[in-house]
Amino acid sequence: TTEIYTLSLHDALPISSISFAAPVTAYGSDGSSVQFVGSKQLPDGEQWKLLNDFTYPKTARAFAGFVIEVKILGEDMQGVEFQALLQTPDHVNSKVGFSIGPAPNSARFSTVKDTNPSEMMMHWTPCASELGATIVCLDAVDYHIQRGSDPSLNKVDNPASSNMRCLSFDVLKDPKPEFEAGIPESLSLFMGREGRVDLRASDGNCLDAVTIGLAPGSELPPGAVLDAQTAYGESCTGVMRTMRWTPGAKMGGFTGTTCFTARDTGGSATCGAPVPQMSTHCVQLQVHRCKYALQRDQQLQEISALFGVDWMRLWSLNMGIAHPDYVVYNHQVVSVGHLYRVAPNERLDRIAQRLGMPMEQMLDLNFDLNATDDTLTTGQELCVVPNSCQGQKDTFYSSMVYKDDKFYAAAKTDS
């Protein structure tokens with residue numbers, strides 16, 4: 001959370017004072033340090049914070065490739081009684097400027113107007129060659145006009161300086177964004193029921209911005225959507241996107257992996273072409289075979305049309321449903337077929353023929369099957385709906401006596 005630091009140093013009158021302000025936020029468990037967040041990242045109405053509690057020897061954290069903004073404030077209270085320090089400083093006869101010690105070559109300081117109080121801006125975008133500690137020291141310098149009866153008689157007092165104050169910057173390498181822990185690496189889904197993956201990421205650099213998207217070359221599964229990105233959590237850069245997917249009636253057996261990236265901006269072009277950094281998170285998606293989650297008020301008759309199965313066979317597959325005309329609860333999972341484990345040397349066309357299933361129905365129930373390649377693997381699972389009226393009554397096993405699995409495999413090879 002952003003805190004307000006309000007300590008301001010006024011030296012013994014009439015010497016001028018100097019203070020600093022910047023768009024910063026506290027970090028660390030005890031809030032004893034600050035890092036720059038940038039004026040553009042400040043919420044509407046948020047004010048710059050005084051840095052007087054965080055001058056040398058304390059440090060302010062910054063990152064290579066991102067601008068540091070500091071407002072230097074000078075004020076002279078000569079002519080104002082000590083008991084009335086809240087009065088307006090003399091801006092007619094007293095003026096304040098600044099002197100600057102050694103500073104980075106790329107740091108820029110704005111022109112100071114002849115005012116009291118006065119203000120000067122420092123802008124500095126440190127590059128990778130400037131990692132580490134950098135200290136910049138400044139003081140405020142005042143001068144006073146003693147006005148005579150005629151302007152030609154005006155005199156200027158000798159200038160006086162405030163105590164020197166220094167800012168210590170700790171410039172770090174820009175970190176890459178990271179996905180939050182706890183995002184699943186695999187997700188098991190049912191046809192008809194929405195599954196979701198909440199993707200959360202952040203960057204340790206408050207001056208940066210994070211974008212979550214699909215990894216190059218990766219695709220969402222058919223029908224899935226990726227919600228718009230929103231701010232998330234208490235982190236200054238935390239964002240979230242949600243992938244939502246309700247697998248359709250022909251997605252049983254789907255297996256795929258979708259990868260996402262969390263990418264940052266890469267910083268300012270001041271230090272050369274930005275090089276965005278990114279992290280990747282992949283999620284393996286798997287849809288159960290032969291399982292469908294009912295929609296609100298959906299009955300077995302409707303589901304039978306989706307899967308090419310008559311409602312009586314569908315009811316017989318779900319002994320827990322006491323009556324075919326009502327559903328116990330929304331998103332109740334029902335079976336829409338049997339799981340069939342492929343034996344050695346079995347072929348897809350022969351399984352379909354034996355069970356009395358059209359090949360189109362076999363493919364609809366098993367997303368991962370290919371009509372042009374009927375190669376199956378021993379132990380592979382299929383979703384099947386046997387049709388006793390169309391299936392084979394006798395097979396080449398009918399007249400055989402079981403010996404072992406090798407015997408069956410040999411029999412299929414010979415056939």
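Student: What makes the nonpolar surface patch of about 300 Å² in this model?

Tutor: Three residues do: Trp 311, Met 312 and Trp 315. Keep in mind that the model is predicted.

Student: Why does Trp 311 qualify for a patch?

Tutor: A patch residue needs over 30% relative accessible area and no salt bridge. Trp 311 has 33%, so the area condition is met. As for its place, Trp 311 sits in helix α2, residues 311–316.

Student: Why is Trp 311 called partly exposed?

Tutor: Exposed means over 50% and buried means under 20%. With 33%, Trp 311 falls in between, so it is partly exposed.

Student: On to charges. How many salt bridges does a search of the whole structure find?

Tutor: Nine. One of them pairs Arg 244 with Asp 227.

Student: How do you know that Arg 244 forms a salt bridge with Asp 227?

Tutor: Look at the closest N and O atoms, which are 2.6 Å apart. The cut-off is 4 Å, so the pair counts as a salt bridge.

Student: What parts does the pair of Arg 244 and Asp 227 tie together?

Tutor: Arg 244 lies in strand β20 (residues 239–245), and Asp 227 in the loop between β18 (225–226) and β19 (230–231). The pair therefore ties together parts that are 17 residues apart in sequence.

Student: Are Arg 244 and Asp 227 buried, partly exposed or exposed?

Tutor: Arg 244 has 24% relative accessibility, and Asp 227 has 23%. Buried would need under 20%, so Arg 244 counts as partly exposed, and so does Asp 227.

Student: What makes the contact of Asp 310 and Arg 313 a salt bridge?

Tutor: Their side chains meet at 2.7 Å, N to O. That is within 4 Å, so the name fits. Asp 310, at 36% relative accessibility, counts as partly exposed, and Arg 313 is partly exposed too, at 23%.

Student: How do you know that Arg 347 and Asp 349 form a salt bridge?

Tutor: Take the N to O distance once more: the closest atoms are 2.7 Å apart, and the limit is 4 Å, so Arg 347 and Asp 349 pass. Arg 347 has 38% relative accessibility and Asp 349 has 28%. Both values lie between 20% and 50%, so Arg 347 is partly exposed, as is Asp 349.

Student: Which residues do salt bridges that share partners join into one network?

Tutor: Glu 194, Asp 227 and Arg 244.

Student: Let's turn to pockets. What is the volume of the second largest pocket?

Tutor: About 300 Å³. Of the 15 residues lining that pocket, Ala 64, Gly 65, Ala 128, Asp 174 and Gly 266 are the closest to its centre.

Student: How does the lining of the second largest pocket divide by class?

Tutor: Seven nonpolar, six polar and two charged residues. Gly counts as polar here, so Gly 65 and Gly 266 go with the polar class. Asp counts as charged, so Asp 174 goes there.

Student: Now some backbone details. What makes the phi of Cys 290 stand apart?

Tutor: Phi is near 65°, a positive value, and the residue is other than glycine. Cys 290 is found in strand β22, residues 278–293. Its relative accessible area is 2%, under the 20% limit, so Cys 290 is buried.

Student: What is the phi of Asn 345?

Tutor: Near 70°, a positive value, and Asn 345 is likewise a residue other than glycine. Asn 345 lies in the loop between β24 (338–341) and α3 (348–355). At 46%, Asn 345 does not reach over 50%, so it is called partly exposed.

Student: Which residue does a cis peptide bond join to Pro 57?

Tutor: Tyr 56, with omega at about 15°. Pro 57 has its place in the loop between β4 (49–50) and β5 (59–63). There is also a cis bond from Asn 116 to Pro 117, where omega is near 0°.

Student: Why is Pro 102 called exposed?

Tutor: Its relative accessible area is 72%, which is over 50%, so Pro 102 is exposed. Compare Ala 21 in strand β1: at 5%, under 20%, Ala 21 counts as buried.

Notes. Residues numbered from 1 in each chain as written. Predicted model: local features only at pLDDT ≥ 70, side-chain atom pairs only at ≥ 80, totals over all residues. Heavy atoms only, no water. Patch = residues over 30% accessible without salt bridge, like charges linked within 9 Å, V, L, I, M, F, W, Y side chains within 5 Å. Areas by Shrake-Rupley, 256 points an atom, 1.4 Å probe, with all protein chains shown as cover. Helix = DSSP H or I, 4+ residues; strand = E, 2+ residues; numbered from the N terminus. Buried < 20%, exposed > 50% of the residue type's maximum accessible area, 1.4 Å probe, protein only. 1 Å grid on protein atoms, 1.4 Å probe; cavity = no way out; pocket = protein on both sides within 12 Å on 5 of 7 lines; lining within 4 Å. Points joined across faces, edges and corners; volume = space filled by probe spheres on them.
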